[in-house]
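Happy to walk through this one with you. Have a look at the sequence and the fold, and then we can ask what earns each label.

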Amino acid sequence: LARLLLRLRIGRGHRVAILADNSLDYVAAYYGCLKAGTAAVPVNTSIDSRGLNYILANCGVRVLIAQSRFAEVVRGALEGTPDLEFLLVDDPSVFEPTPAHVHMIDLPEAAESEDGGSPPPCPAVDVDLASIIYTSGSTGRPRGAMLTHLNIVSNVRSIVRYLGLTQDDRIMTVLPFYYVYGKSLLNTHAWVGGSLIVGTDLLF
């Protein structure tokens, strides 16, 4: 995925939104974004078209990665998003039609065709933007909290240290990865080589 983004000239400083349930797809999308040097913008999976349109326009998203179950929400959110260039999806047929300025790509097919040789270059530095996480908007319009790679790494190191996490640890993640707590569980256990059991559709 990182190779694909870089081939599309999406990299350092660009924003990539992810609209997906907790899954291997989400994990690949999130770490692929970071590896390519882009800022990952995780999206609440209960969002509607209006809310998604706001996020896409508000932070200038260039790429939206979405699972097919969100096709209706996505189709209703693409107008008025001049920065959006690419829609990466698992089933293009359910997302049609899309505006002329948005190029739809079959993500599994495109990712499979990428060269699996040496790792792609990682152009990011620790003070670069790594993620933008939007607040709930319970007291107004959602606002994007901007996190650098250093923010995320410092948080992970601190949690791993005080919990004493190791590769022998296993955790079942029922909290959504688009939320900071769920993302922290993902990052800390990936860091130490532990195991995550991904619980989908259990609570959310």
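A salt bridge is a side-chain nitrogen of Lys or Arg within 4 Å of a carboxyl oxygen of Asp or Glu. Keep in mind that this is a predicted model.

Q: Why is the contact between Arg 62 and Glu 85 called a salt bridge?
A: The N to O distance between the two side chains is 2.3 Å, and the cut-off asks for within 4 Å, so the pair qualifies. Arg 62 sits in strand E3 and Glu 85 in the loop between H4 and strand E4 (86-89), 23 residues apart, so the pair links distant parts of the chain.

Q: How many salt bridges does the structure hold?
A: The structure holds three.

Q: What makes Asp 128 and Arg 12 a salt bridge?
A: Their closest N and O atoms are 2.7 Å apart, and the limit is within 4 Å, so the pair counts. Asp 128 lies in the loop between helix H5 (107-112) and strand E6 (129-134), and Arg 12 in the loop between helix H1 (2-7) and strand E1 (15-19), so the bridge ties together parts 116 residues apart in sequence.

Q: How do you know whether Asp 128 is buried or exposed?
A: Its relative accessibility is 12%. Buried means under 20%, so Asp 128 counts as buried. Its partner Arg 12, at 47%, falls between 20% and 50% and therefore counts as partly exposed.

Q: Which parts of the chain does the salt bridge of Asp 21 and Arg 69 tie together?
A: The two side chains meet at 2.6 Å, N to O. Asp 21 is in the loop between E1 and helix H2 (24-36) and Arg 69 in the loop between strand E3 (61-66) and helix H4 (71-75), so the pair joins parts 48 residues apart in sequence.

Q: Why is Arg 69 called exposed?
A: Arg 69 has a relative accessible area of 52%, and exposed means over 50%, so the label fits. Asp 21, at 18%, is buried, because buried means under 20%.

Q: What makes Glu 85 partly exposed?
A: Glu 85 has a relative accessible area of 25%. That value is neither under 20% nor over 50%, so Glu 85 is partly exposed.

Q: Which element gives the most to the lining of the largest pocket?
A: H3 does, with three residues. This pocket has a volume of about 380 Å³, and its lining divides into twelve nonpolar, seven polar and one charged.

Terms used:
Residues numbered from 1 in each chain as written. Predicted model: local features only at pLDDT ≥ 70, side-chain atom pairs only at ≥ 80, totals over all residues. Heavy atoms only, no water. Helix = DSSP H or I, 4+ residues; strand = E, 2+ residues; numbered from the N terminus. Buried < 20%, exposed > 50% of the residue type's maximum accessible area, 1.4 Å probe, protein only. 1 Å grid on protein atoms, 1.4 Å probe; cavity = no way out; pocket = protein on both sides within 12 Å on 5 of 7 lines; lining within 4 Å. Points joined across faces, edges and corners; volume = space filled by probe spheres on them. Nonpolar A, V, L, I, M, F, W, Y, C, P; charged D, E, K, R; others polar.
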